Amino acid sequence: MVTRGKATAGRVALAMEGAAAIEIKITLPQHQVKAALKRFGLKVDPDAKRYIYFFDTPELELMRAGMIIRARRVVGDTHDSTVKFRPVVPTDVKSKWTRYSDFKIEADASEKGLVKSASFSMPVAKGLIKRVAAGKGALKALFTPQQQAFLKEMTGREIDFSTIAVLGPITAHRWRVNSPACPWPITAELWRREDGALLMEASIKSPAIQAAAAVGGFMAFLAEAGAEKDNEQQTKTRWALEYYAGKLPGGGKAKSAAKRAKVAEAKKSASRTMPRVSRSQ
């Protein structure tokens, strides 16, 4: 048992190389959401909503290229925008970006495996996200020159924001949960689409040095708590993007692209080719 534990820890350490932290996530089936809320004493406060907007082409070309662009409005709190690449090879990401407090390279772990990502968030002025979502402002305005430079450096191209649609918003609620049975604070996040469908995610974050213990410990905690495995184990992002892209003109093409994306996901490498982009002027 000790030898097996050391071997597992070694594999996790190797997979974590270059990442400063790990986020371990599990999604819960919709029929378990009410039970999970009750178990942890969580109440949905209508005055504490988050609105999450995603941006992609109607065929989800950015997501298929491993890129996520989103913006978040938090009622009564700061708003922000994020650009994220997944997967990445940490050594391929220049260290100059680490000087920004909201830039991070971390590992995302789920029952499907572990993948490294690089994300860059920046504050957004209040009111701007709503104006852009309503078509009263340029999408590009949600992202700082630094974020746009990061996008260009990671892709080798400049994105043509005019080809990108607004997807959403998703309504979200988020809680921080502390349990004596789990050494790490748990983040619970509930997402609701406009069709009423729910998805709940439970996650913890841990420094890279504790990754192996965190993976094993959190999964054991969830099993003890009676959390069922979500056989789909789809990420919140894919769950949201595929639904909203399907509502756009040409939604049938978006659904077909989503199916192709699921097949291609396992073959995805860190190299990227960006769709429908224009060279810098």
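Colleague: Accessible areas come from the Shrake-Rupley method with a 1.4 Å probe, so how much area does the protein expose, and what share of it do carbon and sulfur atoms supply?

Modeller: This is a predicted model, and in it the protein exposes about 14,700 Å², of which carbon and sulfur atoms supply 52%. Of its 281 residues, 47% count as buried.

Colleague: And how many helices and strands does it have?

Modeller: There are 8 helices and 11 strands. Among contacts with a separation of 6 or more, 70% are between residues 24 or more positions apart.

Colleague: In what order do the strands of the barrel come?

Modeller: The barrel is closed by 9 strands with mixed pairing, and their order is β1-β5-β6-β4-β3-β2-β8-β9-β10. From one strand to the next, the twist averages 30 degrees.

Colleague: Take β9 and β10, then: parallel or antiparallel, and how many bridges?

Modeller: They run antiparallel, with 6 bridges joining β9, residues 182-192, to β10, residues 198-207. Within that pair, Leu190 stands opposite Met200 in β10.

Colleague: Which strands does helix α6 lie across?

Modeller: Helix α6, residues 211-225, lies across β1, β8, β9 and β10, and runs at about 20 degrees to β1. Helix α7, residues 236-246, also packs on the sheet, where it touches β2, β3, β8, β9 and β10, and its direction makes about 155 degrees with that of β8.

Colleague: Why would you call α7 largely enclosed?

Modeller: Because 10 of its 11 residues are buried, α7 is largely enclosed by the rest of the structure. The buried residues of α7 include Lys236, Arg238 and Glu242, along with Trp239, Tyr243 and Tyr244.

Colleague: Back to α6 for a second. Is Ala220 buried, partly exposed or exposed?

Modeller: Ala220, which lies in helix α6, is partly exposed, because its relative accessible area of 41% falls between the 20% limit for buried and the 50% limit for exposed. Its C-alpha atom is separated by 9.9 Å from that of Ala181, a residue 39 positions away along the chain.

Colleague: Changing topic, which residues touch the most other members in the largest nonpolar core?

Modeller: Of the 31 residues in that core, Phe55, Phe103, Leu142 and Phe150 touch the most other members. At least two residues each come from β2, β3, β4, β5, β6, α4 and α5, and the largest share, 4 residues, comes from β6. In soluble globular proteins, nonpolar side chains tend to be buried together.

Colleague: What does Phe150 touch?

Modeller: Leaving aside residues up to four places away in sequence, Phe150 touches Val83, Phe85, Val93, Trp97, Phe103, Ala118 and Phe120. A second, separate core has 28 residues, with Leu37, Ile186, Leu198 and Phe221 among them.

Colleague: One more residue, Gln147: buried or exposed?

Modeller: Gln147 lies in helix α5, residues 145-155, and it counts as buried because its relative accessible area is 0%, where the limit is under 20%.

Colleague: So what does the side chain of Gln147 reach?

Modeller: It reaches the backbone oxygen of Ser81 at 3.1 Å. Not counting residues up to four places away in sequence, Gln147 touches Ser81, Thr82 and Val83, then Phe120, Ser121 and Met122, and also Leu142. Leu142 is also one of the residues that touch the most other members of the largest nonpolar core.

Notes. Residues are numbered from 1 along each chain as its sequence is written. This is a predicted model: local features need pLDDT of at least 70, side-chain atom pairs count only at pLDDT 80 or more; totals for chains, interfaces and linings use all residues. Side-chain values use heavy atoms; hydrogens and water are left out. Buried means under 20% relative accessible area, exposed over 50%, partly exposed in between (1.4 Å probe, protein chains only). A polar contact is a pair of N or O atoms within 3.5 Å; within protein, one must be able to donate a hydrogen and the other to accept it, and residues adjacent in sequence count only if both atoms are side-chain atoms. Contact means heavy atoms within 4.5 Å. Accessible areas come from the Shrake-Rupley method with a 1.4 Å probe; for residues, only the protein chains shown count as cover. Two strands pair if DSSP finds at least two bridges between them. Axes are lines fitted to C-alpha atoms, for helices over the stretch in contact, and angles run from 0 to 180 degrees between N-to-C directions. A nonpolar core is a set of buried Ala, Val, Leu, Ile, Met, Phe, Trp, Tyr and Cys residues joined through side-chain atoms within 4.5 Å.
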